[in-house]
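Here are my comments on the model you sent, set out as numbered points. I have kept to what can be read from the coordinates, and I take the nucleic acid surfaces before the protein interior.

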Number of protein chains: 2
Amino acid sequence: MTQHLELVQSLRQAGHRLTPQRESVLAVIADSHEHLSAEEILARVRKRYPYLNKSAVYRSLELLTELGLVTLTDLGHGRVEYELHRHPHHHHLVCRKCKSVQQIDHRLFQNLQKKLESDFGFRADLDHFAIFGTCRKCSTRTAKNPKRHSH
Amino acid sequence: MTQHLELVQSLRQAGHRLTPQRESVLAVIADSHEHLSAEEILARVRKRYPYLNKSAVYRSLELLTELGLVTLTDLGHGRVEYELHRHPHHHHLVCRKCKSVQQIDHRLFQNLQKKLESDFGFRADLDHFAIFGTCRKCSTRTAKNPKRHSH
DNA sequence: TTAAGTGCAAATCATTTGCATGGAT
DNA sequence: ATCCATGCAAATGATTTGCACTTAA
């Protein structure tokens, strides 16, 4: 409901039409402070605006992501998740064992980001970055048995 | 064919059986210096050892990954890819526009890795790390038109 | 008006799973 | 001899697509 207007501007300026479907998808993402899957977005939009199709969600998300208004992260949940592209950014530490997700500050990555740009000319999309590994809890009880999953 | 033996040891020590299927999957990964999808692995194994099923590949990969012998990376190709867990590590810069993949040295990440461990107790699996962004070439011709994909 | 966008239902495609059989230990 | 592992075929589940219809500009 807040940055909503500017976002809608960006859409138009890039030469795209503003449809109620696109607008509602954007609104739901902008109103949420967590990452949402396509299906969750569909469900939330439909609460207020039932005229929305799954395909339209995917097509809107593709567009919004490409315009940089929304970012996409694979947190290992078997589907991709979306967030508004906010500033400042944050990142995610994803534990492979217990699947927990912990947020960390963007500043941890600033050095790396600068170096990638200066050394390689590569502009890293370092927001909503997912780093996989083992969290503190799971590290302590690691490599004890051949069991497949701990959850 | 090289580290093969040690790898097979690890399997046994973790309490798993050594089947020809598992061994051949491991051999193919160990012999390759590129990242391979499950399907590519299946195809390569079958050249020499036709008695292999898709499910066995997936189940072997799950196990090998869990044992840390193999690492899994999502390079945005719509499927996960596997590599032998080698030292020293390297990482991948993946361009969202042209889909190019550029390898970079593991040392760029050492500071970050240490900090994640000291600050959060998080052991990041920072090998075969995929960083998405825009490569130098694509940066220069960016944001010119509303076209979806540039490839 | 008219190209861009949507709805719908079917298609894809990687990965997973149930169950009967086989084989490593 | 036992249970773990495999083969097979069917299921799953996210995402994509073809096409006729609608609508924002």
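1. In this predicted model, helix H4 of chain A gives the most to the surface near DNA strand D, with 4 residues. Three helices each supply at least two residues of that surface, namely H4 (54-66) of chain A together with H2 (20-31) and H4 (54-66) of chain B, and the residues of the surface divide into 7 nonpolar, 7 polar and 9 charged.

2. Which residues come nearest to DNA strand D? Of the 23 residues around this strand, they are A:Ser55, A:Tyr58, B:Arg17, B:Gln21 and B:Arg22, a list with members from chain A and from chain B. On the nucleic acid side, 62% of the strand D atoms that lie within 4 Å of the protein belong to sugar or phosphate, and the rest belong to bases.

3. The individual polar contacts to DNA strand D deserve a careful look, since they involve several kinds of atom. A polar side-chain atom of B:Arg17 is placed 2.8 Å from a base oxygen of strand D, while a polar side-chain atom of B:Gln21 lies 2.8 Å from a sugar or linking oxygen of that strand. For B:Asn53 the protein partner is a backbone N or O atom, which lies 3.1 Å from a phosphate oxygen of strand D.

4. Turning to DNA strand C, 24 residues surround it, and the closest are A:Thr19, A:Gln21, A:Arg22, B:Arg17 and B:Tyr58. B:Arg17 is thus listed here for strand C, and it is also among the residues that come nearest to strand D. Of the atoms of strand C within 4 Å of the protein, 61% are sugar or phosphate atoms and the rest are base atoms.

5. Where does the largest share of the surface near DNA strand C come from? It comes from helix H4 of chain B, with 4 residues; helices H2 (20-31) and H4 of chain A and helices H3 and H4 of chain B each supply at least two residues of this surface. By residue class, the surface near strand C divides into 8 nonpolar, 7 polar and 9 charged residues.

6. Phosphate oxygens of DNA strand C take part in polar contacts with both side-chain and backbone atoms. An N or O atom in the side chain of B:Tyr58 is 2.7 Å from one such oxygen, and a polar side-chain atom of A:Thr19 lies 2.9 Å from a phosphate oxygen of the strand. A polar backbone atom of A:Tyr51, in turn, is 3.0 Å from a phosphate oxygen of strand C.

7. Within chain B, helix H2 and helix H3 (residues 38-48) pack with their axes 9 Å apart and at an angle of about 105°, so H2(B) is roughly perpendicular to H3(B). The contact is made by B:Ser24, B:Val25, B:Val28 and B:Ile29 on the H2(B) side and by B:Ile41, B:Arg44 and B:Val45 on the H3(B) side, and these residues divide into 5 nonpolar, 1 polar and 1 charged.

8. B:Ile104 lies in strand E5 (residues 101-105) of chain B, and it counts as buried because its relative accessibility is 4%, where the cut-off for buried is under 20%. Leaving aside neighbours within four places in sequence, B:Ile104 is in contact with A:Leu116 and A:Phe120 of chain A, and with B:His90, B:His91, B:Leu93 and B:Phe109 of chain B. The C-alpha atoms of B:Ile104 and B:Leu93, which are 11 residues apart along the chain, are separated by 7.3 Å.

9. Is A:His128, in the loop between strands E6 (123-124) and E7 (129-134) of chain A, buried or exposed? Its relative accessibility is 4%, and A:His128 therefore counts as buried. Not counting residues up to four places away in sequence, A:His128 touches A:Thr71, A:Thr73, A:Glu83, A:Leu84, A:His90, A:His91 and A:His92.

10. As for chain A as a whole, it has 6 helices and 7 strands, which follow the pattern α-α-β-α-α-β-β-β-β-α-β-β-α along the sequence. Of its 151 residues, 42% count as buried, and the C-alpha atoms fill a box of roughly 55 × 40 × 25 Å along the principal axes. Among contacts in chain A between residues at least 6 apart in sequence, 53% join residues at least 24 apart.

Note on methods
Residues numbered from 1 in each chain as written. Chains lettered and ligands numbered in written order. Predicted model: local features only at pLDDT ≥ 70, side-chain atom pairs only at ≥ 80, totals over all residues. Heavy atoms only, no water. Near = heavy atom within 4 Å. Polar contact = N/O pair within 3.5 Å; in protein donor to acceptor, adjacent residues only side chain to side chain. Nonpolar A, V, L, I, M, F, W, Y, C, P; charged D, E, K, R; others polar. Buried < 20%, exposed > 50% of the residue type's maximum accessible area, 1.4 Å probe, protein only. Contact = heavy atoms within 4.5 Å. Axes fitted to C-alpha atoms, helices over the stretch in contact; angles between N-to-C directions. Parallel < 35°, antiparallel > 145°, perpendicular 65-115°, else oblique.
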